[in-house]
Amino acid sequence: MSITDIDTGTDTDTGTDSGTRTGTGTVSWNPEALDEILSNDEGRPVLFTNARILTMDPLIGTMTGADLLFVGSLVVGVGPAIVTAAQDDNAIVVDCTGMTLAPAVVDTVALAGGRGHRSEYVATLTPGNTPDFLVVPDELAADVPSAVATLMTRREQVRALVAAGRPVLWAGTGVPGRATAPEAGIPAAPDLTGSPRIGVWIDRHDFLHQELTADGRYDETRGGRPHAYQGRYWIDGDRIDYLDDLGFWAYGEFQGDELHHAGYVMKLG
């Protein structure tokens, strides 16, 4: 007998059929759905159905017996009865009976009235936004702070943590192949010899000259003043992070043949 055969599948705390308890105290929850999501490379829709959904959207509010539909990294539907089209759309269906879906990222600025339009809200479970959410038993998710607290203090009770449509946690444990947090400490700079981004970047007014060298160092000339700022940098995709020798951090972004940094738009000289 495997550990997932232990118990009856009924959550004794709630009386709901929320998963099978294992010998480690965790819960085996929708394992077939997890396998389908992880192997989904065909763009199939994913539907979390029959849940209480704390959308945190000021118009939609909280919904019960509702569904959340997403494709890739985009929420495309939220509300009741979406499941009726699941078979037509070849959707992967995840039964969330007895569960609450809550945003995994909270827009505290919006909650405090710091955004004037609904379209400016981020981190809500709203069509058009990114599917970043938690799945937690109803009794552990009275509101979004309670759901987040469950993740921090009772991780084994979290049925799912989904980031941009990809599972990070499932049934209280880490999903194989998930992204891992960077190690603490300042990373070593890779050898960037041959990178097309190495060289002197010059802003359109010829005020800022920023030299990126292959050993992961930068050296800025500002208004003809040499070595105004110097330090280390790291490139991750189109993002560039700077750690100045004075101790502060800064950020830039490559957009095509331009480097955008602190209000400056630069091109290779």
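**Exercise 1. Placing Leu69**

Task: In this predicted model, find which strand holds Leu69, and decide whether Leu69 is buried or exposed.

Solution: Begin with the position along the chain, where Leu69 is found in strand S4. Next, take the relative accessible area of Leu69, which is 14%. The cut-off for a buried residue is under 20%, and therefore Leu69, at 14%, is buried. As a last step, compare a separation along the chain with one in space: Leu69 and Pro145 are 76 residues apart along the chain, and their C-alpha atoms are separated by 23 Å.

**Exercise 2. An exposed loop residue**

Task: Determine where Asp191 lies, and whether Asp191 counts as buried or exposed.

Solution: Asp191 belongs to the loop that runs between strand S11 (173–174) and S12. Its relative accessibility is 63%, and the cut-off for exposed is over 50%, so Asp191 counts as exposed. For a distance, take the C-alpha atoms of Asp191 and Asn129, which are separated by 37 Å although 62 residues lie along the chain from one to the other.

**Exercise 3. Classifying aromatic pairs**

Task: Work out what kind of aromatic pair Phe48 and Trp170 form, and then why the pair of Phe70 and Phe133 is classed as it is.

Solution: The count of aromatic pairs comes to 10. For Phe48 and Trp170, the centre-to-centre distance is 6.2 Å and the angle between the planes is 65°, and this pair is edge-to-face. The two residues come from distant parts of the chain, since Phe48 sits in strand S3 (residues 46–54) and Trp170 in strand S10 (residues 166–170), 122 residues apart. Both Phe48 and Trp170 are buried.

Turning to the second pair, the ring centres of Phe70 and Phe133 are 5.9 Å apart and the planes stand at 65°; because planes over 60 degrees apart count as edge-to-face, the pair of Phe70 and Phe133 is edge-to-face. This pair, too, links distant parts of the chain, with Phe70 in strand S4 (residues 62–71) and Phe133 in strand S8 (residues 133–137), 63 residues apart. Phe70 has a relative accessibility of 2% and so counts as buried, while Phe133, with a relative accessible area of 0%, is buried as well. Finally, ring pairs join Trp29, Phe48, Phe70, Phe133 and Trp170 into a cluster.

**Exercise 4. Following the barrel**

Task: State how many strands close into the barrel and in what order, and then trace several of the pairings with their bridge partners.

Solution: The barrel is closed by 8 strands in the order S12-S13-S14-S15-S16-S17-S18-S19, with antiparallel pairing. Neighbouring strands of this sheet are turned against each other by 30° on average, direction ignored. It helps to recall that strands of a sheet pair through backbone hydrogen bonds, either parallel or antiparallel.

Start with strand S12 (residues 199–203), which is joined to strand S13 (residues 208–212) by 4 bridges, with Val200 opposite Glu211 in S13. These two strands form a hairpin with 4 residues between them, and Asp206 in the turn has a positive phi of about 60°.

Continue with strand S16 (residues 239–244) and strand S17 (residues 249–255), an antiparallel pair over 5 bridges, in which Arg239 has Glu253 of S17 as its bridge partner. Their hairpin has 4 residues between the strands, and Gly247 takes a positive phi near 110°.

From S17, go on to S18: the two are antiparallel over 4 bridges, and Glu253 stands opposite His260 in S18. Here the hairpin has 2 residues between the strands, and Gly256 takes a positive phi near 65°.

Strand S18 (residues 258–261) then pairs with strand S19 (residues 264–268) in the antiparallel sense over 4 bridges, and Glu258 faces Lys267 in S19. The return to the start comes through 3 bridges that join S12 to S19, again antiparallel, with Asp203 opposite Met266 in S19.

**Exercise 5. Describing the cavity**

Task: Find how many cavities of 30 Å³ or more the structure holds, and describe the lining of the largest cavity by class.

Solution: The structure holds 1 cavity of 30 Å³ or more, and the volume of the largest cavity is about 60 Å³. Residues that line the largest cavity include Met56, Val105, Asp107, Leu111, Tyr121 and Thr124. Sorted by class, the lining has 8 nonpolar, 1 polar and 1 charged residues.

Conventions. Residues numbered from 1 in each chain as written. Predicted model: local features only at pLDDT ≥ 70, side-chain atom pairs only at ≥ 80, totals over all residues. Heavy atoms only, no water. Pairing = 2+ DSSP bridges. Axes fitted to C-alpha atoms, helices over the stretch in contact; angles between N-to-C directions. 1 Å grid on protein atoms, 1.4 Å probe; cavity = no way out; pocket = protein on both sides within 12 Å on 5 of 7 lines; lining within 4 Å. Points joined across faces, edges and corners; volume = space filled by probe spheres on them. Nonpolar A, V, L, I, M, F, W, Y, C, P; charged D, E, K, R; others polar. Phe/Tyr/Trp six-rings, centres within 6.5 Å; stacked < 30°, edge-to-face > 60°. Buried < 20%, exposed > 50% of the residue type's maximum accessible area, 1.4 Å probe, protein only.
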